[in-house]
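Me: I'm new to reading protein models and would like some help. Could you walk me through the features one by one?

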Amino acid sequence: MATEAFTLTIFIVRIGLALLLYAFLFAVAQLVWRDVKQSAQGETIPAAPRQQSALLEVIEGEEANLIEGQRFAVHTITTIGRDLSNDVVVPDTYVSAEHARIQFREGRWWIEDLGATNPTRLNGRPLSANTPAPLDSGDLVQVGRAIFKFRG
């Protein structure tokens with residue numbers, strides 16, 4: 001009796017898995033059909049903006065305990081600050097724990113001051129807290145007593 005119940009349970013599980021597999025294949029087929037139909041109608045799916053590689057190069061850093069010429073890779077979202085959890089750590093007492101953020105979005109790079117006591121400066125001008133500003137290759141970014149050249 002127990003063997004028959006076990007066999008029946010296995011059979012039901014197999015049927016359930018087969019139904020799940022067919023439902024998945026049906027959903028994939030619907031997505032493919034929708035994309036083919038859009039392509040035939042001349043609609044194009046916009047491509048995501050391609051991220052460029054970027055880096056920060058230390059131009060002035062001795063007072064901030066950084067080495068001039070040192071380079072830091074900039075990722076899609078890069079944080080700068082004194083805390084060790086940041087992508088770019090600036091061991092300077094003039095730098096907040098979480099000082100600034102560089103982000104790639106809408107096809108370009110942006111920099112944002114995160115409300116630091118000593119504001120982040122872009123090309124010598126202080127940034128308003130929590131207001132992203134566009135960042136171009138060659139711009140100078142000052143965080144505390146460190147000055148970086150952005151290369152993107």
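Reply: Here is a walk through the sheets, salt bridges and surface patches of this predicted model.

Me: Let's begin with sheets. What is the pairing in the open sheet of 6 strands, and what is its order?

Reply: The general idea is that strands of a sheet pair through backbone hydrogen bonds, either parallel or antiparallel. In this case the 6 strands run in the order β2-β1-β11-β10-β7-β8, and the pairing is antiparallel. At the edges you'll find β2 and β8 (125–126); each has a single partner strand, so one side of each is left without a neighbour in the sheet.

Me: How many bridges join β1 to β11?

Reply: There are 5 bridges between β1 and β11 (residues 146–151), and the two strands run antiparallel. If you want particular residues to look for, Val 58 has Phe 148 in β11 as its bridge partner. Glu 57 is paired with Lys 149, also in β11.

Me: And what joins β10 and β11?

Reply: A hairpin, with 2 residues between the strands. Gly 144 sits in the turn and has a positive phi of about 65 degrees. The two strands pair in the antiparallel sense over 4 bridges, and Gln 142 has Ile 147 in β11 as its bridge partner.

Me: Which strands form the open sheet with mixed pairing?

Reply: That one has 5 strands, in the order β4-β3-β5-β6-β9. Its edges are β4 (88–89) and β9 (133–135), each with a single partner strand, so one side of each is left without a neighbour in the sheet.

Me: Where can I see the mix for myself?

Reply: Try β3. Strand β3 (residues 77–81) and β4 run parallel, joined by 2 bridges, and there Gly 81 stands opposite Val 89. With β5 (residues 100–105), β3 pairs in the antiparallel sense over 4 bridges. In that pairing, the bridge partner of Ile 77 is Gln 103 in β5.

Me: On to salt bridges. How many does the structure hold?

Reply: When reading one, look for a side-chain nitrogen of Lys or Arg within 4 Å of a carboxyl oxygen of Asp or Glu. The structure holds 6 salt bridges. One of them is between Arg 34 and Asp 35, whose closest N and O atoms are 3.6 Å apart. Arg 34 counts as partly exposed because its relative accessibility is 45%. Asp 35 is partly exposed too, with a relative accessible area of 32%.

Me: Which residue does Glu 57 meet in a salt bridge at 2.8 Å?

Reply: Its partner there is Arg 151, with 2.8 Å from N to O. This pair links distant parts of the chain: Glu 57 is in strand β1 and Arg 151 in strand β11, 94 residues apart. There's a network to find as well, in which salt bridges link Glu 57, Arg 71 and Arg 151.

Me: Is Glu 57 buried or exposed, then?

Reply: Buried means under 20% relative accessible area. Glu 57 counts as buried because its relative accessibility is 12%. Arg 151, at 35%, counts as partly exposed.

Me: Where do Arg 108 and Asp 136 lie in the chain?

Reply: These two side chains meet in a salt bridge of 2.6 Å, N to O. The pair links distant parts of the chain: Arg 108 is in strand β6 (residues 108–113), while Asp 136 is in the loop between β9 and β10 (140–143), 28 residues apart. Arg 108 is partly exposed, with a relative accessible area of 30%, and Asp 136 counts as partly exposed at 40%.

Me: Last topic: surface patches. Which residues form the nonpolar patch?

Reply: To read a nonpolar patch, look for accessible nonpolar side chains within 5 Å of one another. Here the patch is made of Leu 21, Tyr 22, Phe 24, Leu 25, Val 28, Val 32, Trp 33 and Val 36, which together have about 860 Å² of accessible area. Take Val 28 as an example: it lies in helix α1 (residues 2–40). Val 28 counts as partly exposed because its relative accessibility is 35%.

Me: And which residues form the negative patch?

Reply: Glu 60, Glu 62, Glu 63 and Glu 68 form that one on the surface. To place one of them, look for Glu 68 in the loop between β1 (54–60) and β2 (71–74).

Technical notes: Residues numbered from 1 in each chain as written. Predicted model: local features only at pLDDT ≥ 70, side-chain atom pairs only at ≥ 80, totals over all residues. Heavy atoms only, no water. Patch = residues over 30% accessible without salt bridge, like charges linked within 9 Å, V, L, I, M, F, W, Y side chains within 5 Å. Areas by Shrake-Rupley, 256 points an atom, 1.4 Å probe, with all protein chains shown as cover. Lys, Arg positive; Asp, Glu negative; His and termini not counted. Charge placed at Lys NZ, Arg CZ, Asp CG, Glu CD. Pairing = 2+ DSSP bridges. Buried < 20%, exposed > 50% of the residue type's maximum accessible area, 1.4 Å probe, protein only.
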